Amino acid sequence: MSDNQSLNRGLTMALNSGGLAEGTNANTIQIAAAINYVIDGKFYSKAITDNVAISYAGPSVYQAAAGGVQSVNGGFTGGVNGSTRIYGTFLNASGTVSILPGPIADSAELAAGRISLQWPDAPAGVCPIGALRIALTAGTAFTPGGTDLSASGVTDTFYNLADMPANPLTA
């Protein structure tokens with residue numbers, strides 16, 4: 001859970017939905033509605049933008065579940081029961097989009113309600129505007145910005161958010 005207001009920084013949140021969706025070009029997302037957002041108490045806005053490139057270059061910090069494999073680029077491969085992951089979607093003060101992967105979950109265990117799907121925490125200096133849930137069939141690989149969201153074996157779901165939710169998804 002992110003702390004959108006703390007003693008050492010001001011409010012951080014999106015003030016309206018950006019209508020996140022798959023971009024018209026392969027391997028991209030779009031912001032279908034202008035977003036007004038606040039970072040550390042300061043107002044910003046992001047215009048409607050299509051074909052926003054997404055990628056992740058941070059460290060590999062999450063364990064794979066049920067045979068799923070993760071690489072350093074934030075990608076993963078569906079395990080024997082399929083695998084699911086949420087990528088938090090953020091804007092910084094200059095309007096640059098970034099993503100952060102959450103932990104990988106076994107899709108069958110998730111569907112049965114035995115585990116939950118965790119939201120990634122929001123880093124300081126960015127505002128959460130949404131999330132991209134990727135579900136993969138067994139053996140299907142996904143790399144943010146490298147695999148098309150409509151590829152075979154890939155199911156994408158977009159969430160428009162004001163902040164990262166406190167509670168995980170249960171299905």
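**Strand pairing, core and selected contacts in a predicted chain**

The chain exposes about 7,700 Å², and carbon and sulfur atoms supply 54% of this area. Accessible areas were computed by the Shrake-Rupley method with a 1.4 Å probe; for residues, only the protein chains shown count as cover. The model is predicted: local features need pLDDT of at least 70, side-chain atom pairs count only at pLDDT 80 or more, and totals for chains, interfaces and linings use all residues. Residues are numbered from 1 along each chain as its sequence is written, and side-chain values use heavy atoms, with hydrogens and water left out.

The chain contains one helix and 14 strands. Both element types are DSSP runs, numbered from the N terminus: helices are H or I runs of at least four residues, strands are E runs of at least two. Of the 171 residues, 43% count as buried. Buried means under 20% relative accessible area, exposed means over 50%, and partly exposed lies in between (1.4 Å probe, protein chains only). Contacts (heavy atoms within 4.5 Å) were also sorted by sequence separation. Among those between residues at least 6 apart in sequence, 59% join residues at least 24 apart.

Strands of a sheet pair through backbone hydrogen bonds, either parallel or antiparallel. Here, two strands count as paired if DSSP finds at least two bridges between them. One open sheet has three strands in the order E2-E3-E6, with antiparallel pairing. Its edge strands are E2 (20–22) and E6 (49–53), each pairing on one side only. From one strand to the next, the twist averages 35°. Axes for such angles are lines fitted to C-alpha atoms, for helices over the stretch in contact; angles run from 0 to 180 degrees between N-to-C directions. E2 and E3 (residues 28–31) run antiparallel and are joined by three bridges. Within this pair, Ala-21 has Gln-30 of E3 as its bridge partner.

The loop between E2 and E3 holds Gly-23. Gly-23 is buried, at 9% relative accessibility. Beyond its neighbours within four places in sequence, Gly-23 contacts Thr-28, Ile-29, Gln-30, Asp-50 and Asn-51. Gly-23 and Ala-53 are 30 residues apart along the chain, and their C-alpha atoms are separated by 8.9 Å.

A further open sheet of three strands follows the order E1-E4-E5, again with antiparallel pairing. E1 (13–14) and E5 stand at its edges with a single partner strand each, so one side of each is left without a neighbour in the sheet. Two bridges link E1 and E4 in the antiparallel sense. Met-13 stands opposite Val-38 in E4. E4 (residues 35–39) and E5 (residues 42–46) pair antiparallel over five bridges. In this second pair, Ile-39 faces Lys-42 in E5. Two residues separate the strands of the E4 and E5 hairpin, where Asp-40 takes a positive phi near 50°.

In soluble globular proteins, nonpolar side chains tend to be buried together. A nonpolar core is defined as a set of buried Ala, Val, Leu, Ile, Met, Phe, Trp, Tyr and Cys residues joined through side-chain atoms within 4.5 Å. The largest such core has 38 residues, and Ile-134 and Phe-142 have the most contacts inside it. At least two core residues come from each of E3, E4, E9 (83–91), E10 (97–101), E12 (127–136) and E14 (154–160). E12 gives the most, with six residues. Not counting residues up to four places away in sequence, Ile-134 touches ten residues listed here: Phe-76, Ser-83, Thr-84, Arg-85, Tyr-87, Phe-142, Leu-149, Val-154, Thr-155 and Asp-156.

Thr-89 is placed in E9. Thr-89 is buried, at 3% relative accessibility. Its contacts, not counting residues up to four places away in sequence, include Leu-20, Ile-29, Val-97, Ile-99, Cys-127, Gly-130 and Leu-132.

Asp-148 lies in the loop between E13 (141–142) and E14. With a relative accessible area of 23%, Asp-148 is partly exposed. Neighbours within four places aside, Asp-148 is in contact with Glu-22, Ala-26, Asn-27 and Val-154. Asp-148 and Glu-22 are 126 residues apart in sequence, but 9.2 Å apart in space, C-alpha to C-alpha.

The structure holds one salt bridge, defined as a side-chain nitrogen of Lys or Arg within 4 Å of a carboxyl oxygen of Asp or Glu. The side chains of Arg-114 and Glu-109 form this bridge at 2.9 Å, N to O. Arg-114 is exposed, at 58% relative accessibility, whereas Glu-109 is partly exposed, at 26%.
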